[in-house]
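Thanks for making time this morning. I would like to walk through one model with you, going from a single residue out to the sheets and the pocket, and then to a few backbone details.

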Amino acid sequence: VRSRNGVSHASSSSRAVSAPDMPMKPSVSISGKSLIDLCSDLTLFAYASSPRPLSYSWSSDDPALSEAVSGQMGKILSVPKPVSAMAVLDRAYEVRVRVRDFLGVYSDEASFRVTKQSSSAPQIVFVPASLSTTRDRTVVVTAQAEFSSCPMPKSDLSFSWRQVAGPAIPPEYLAGVNISQLAIPPNVLQPGGLYTVAMQTSMHGDSSKTSESDYTFSVASRPLVARIGGGSSIEVSSAFPLALEANATAAGAPVSRDPDVDPSQPQGLSF
């Protein structure tokens, strides 16, 4: 640095910044179509949460598929109509991914099984393609069934949802829901949770024409609210002691609180 007018001598300073002794590992999960047919592309999505860019490493338990995906470094894996890479039909292929952060710390490996079936079946696309929400919002996920590009008869479809991973979702929001839309009202899901649900669709009258895909979404924790009781400013006499209270209540609710906790319950805050 030097003075704005450039008259002073330049001054410099440096400080060594080291990586933390116990860095936190990033986490990653995979979502996508778990069933594809002869005319379908292989497309998977890796979901990882990090404030900085991550690098992705894809692989597979099958040598030919592993070679096809190893050069892809992004969060979206796409292999158009993998004929030679997934040559064996009616077999489950395991696709794996790891992420690395800017400190060089690797996540644990996440895996996803994709079956390439010989018969044609409807394919499932989710809207939105990815979702990160908070506990106070309604979660709405729509599964759109697309008929295979292979020649096949078209008929009405049935839908069913189930949970694959994450904190338990109350069964009334999944069981017996024969519609393509999943809706979960506010204040049901757990903050900080990573949820995976699966949608299965099948054609009426032909149970062999069935597809299932997984969808992963996260519920972020909202920032804590820190406030001082009495408003943004107060006036006190110099003859009296000054007392400020951050754990006060207003209208029966704490002014400082965890927005993901019911106001009537202990907030678990330290000041």
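If we set aside the neighbours within four places in sequence, Tyr106 is in contact with Lys25, Pro26, Arg98, Val99 and Arg100. I should say at once that this is a predicted model, and everything I describe should be heard with that in mind. Tyr106 sits in the loop that runs between β6, residues 91–100, and β7, residues 110–116. Is Tyr106 buried or exposed? With a relative accessibility of 35%, Tyr106 falls in between and counts as partly exposed, because the partly exposed class covers what lies between under 20% for buried and over 50% for exposed. To give a sense of distance, the C-alpha atom of Tyr106 is separated by 37 Å from that of Phe159, and these two residues are 53 apart along the chain.

The two strands on either side of that loop bring me to the sheets. Both β6 and β7 belong to an open sheet of four strands, with the order β2-β7-β6-β4 and mixed pairing. At the edges of this sheet stand β2, residues 35–36, and β4, residues 55–60, and each has a single partner strand, so one side of each is left without a neighbour in the sheet. β2 runs parallel to β7 and is joined to β7 by two bridges, and within this pairing Leu35 has Thr115 of β7 as its bridge partner.

There is also an open sheet of three strands, ordered β8-β10-β12, in which the pairing is antiparallel. Which strands stand at its edges? They are β8, residues 123–127, and β12, residues 181–184, and since each has a single partner strand, one side of each is left without a neighbour in the sheet. From one strand to the next, the twist averages 20°. Five bridges connect β8 with β10, residues 139–146, and these two strands run antiparallel; here Gln123 stands opposite Glu146 in β10.

Let me turn to the largest pocket, which has a volume of about 220 Å³. Its lining includes Ser31, Tyr56, Lys75, Ile76, Ala129, Ser130 and Thr216, and the element that gives the most to this lining is strand β3, residues 42–48, with four residues. By character, the lining residues divide into seven nonpolar, three polar and one charged.

Finally, some backbone details, for which a reminder helps: most residues other than glycine have a negative phi, and most peptide bonds are trans. Where, then, is Pro128 placed? Pro128 is in the loop between β8 and β9, residues 131–134, and the peptide bond leading from Val127 to Pro128 is cis, with omega near 0°.

Two residues other than glycine also deserve mention for a positive phi. For Asp90 the value is near 55°, and Asp90 lies in the loop between β5, residues 76–79, and β6; with a relative accessible area of 51%, Asp90 is exposed. For Asn187 phi is near 65°, and Asn187 is found in the loop between β12 and β13, residues 194–203. At 48% relative accessibility, Asn187 counts as partly exposed, because exposed requires a relative accessible area over 50%.

That is what I wanted to show, and I am happy to go back to any part of it.

Technical notes:
Residues numbered from 1 in each chain as written. Predicted model: local features only at pLDDT ≥ 70, side-chain atom pairs only at ≥ 80, totals over all residues. Heavy atoms only, no water. Pairing = 2+ DSSP bridges. Axes fitted to C-alpha atoms, helices over the stretch in contact; angles between N-to-C directions. 1 Å grid on protein atoms, 1.4 Å probe; cavity = no way out; pocket = protein on both sides within 12 Å on 5 of 7 lines; lining within 4 Å. Points joined across faces, edges and corners; volume = space filled by probe spheres on them. Nonpolar A, V, L, I, M, F, W, Y, C, P; charged D, E, K, R; others polar. Buried < 20%, exposed > 50% of the residue type's maximum accessible area, 1.4 Å probe, protein only. Contact = heavy atoms within 4.5 Å.
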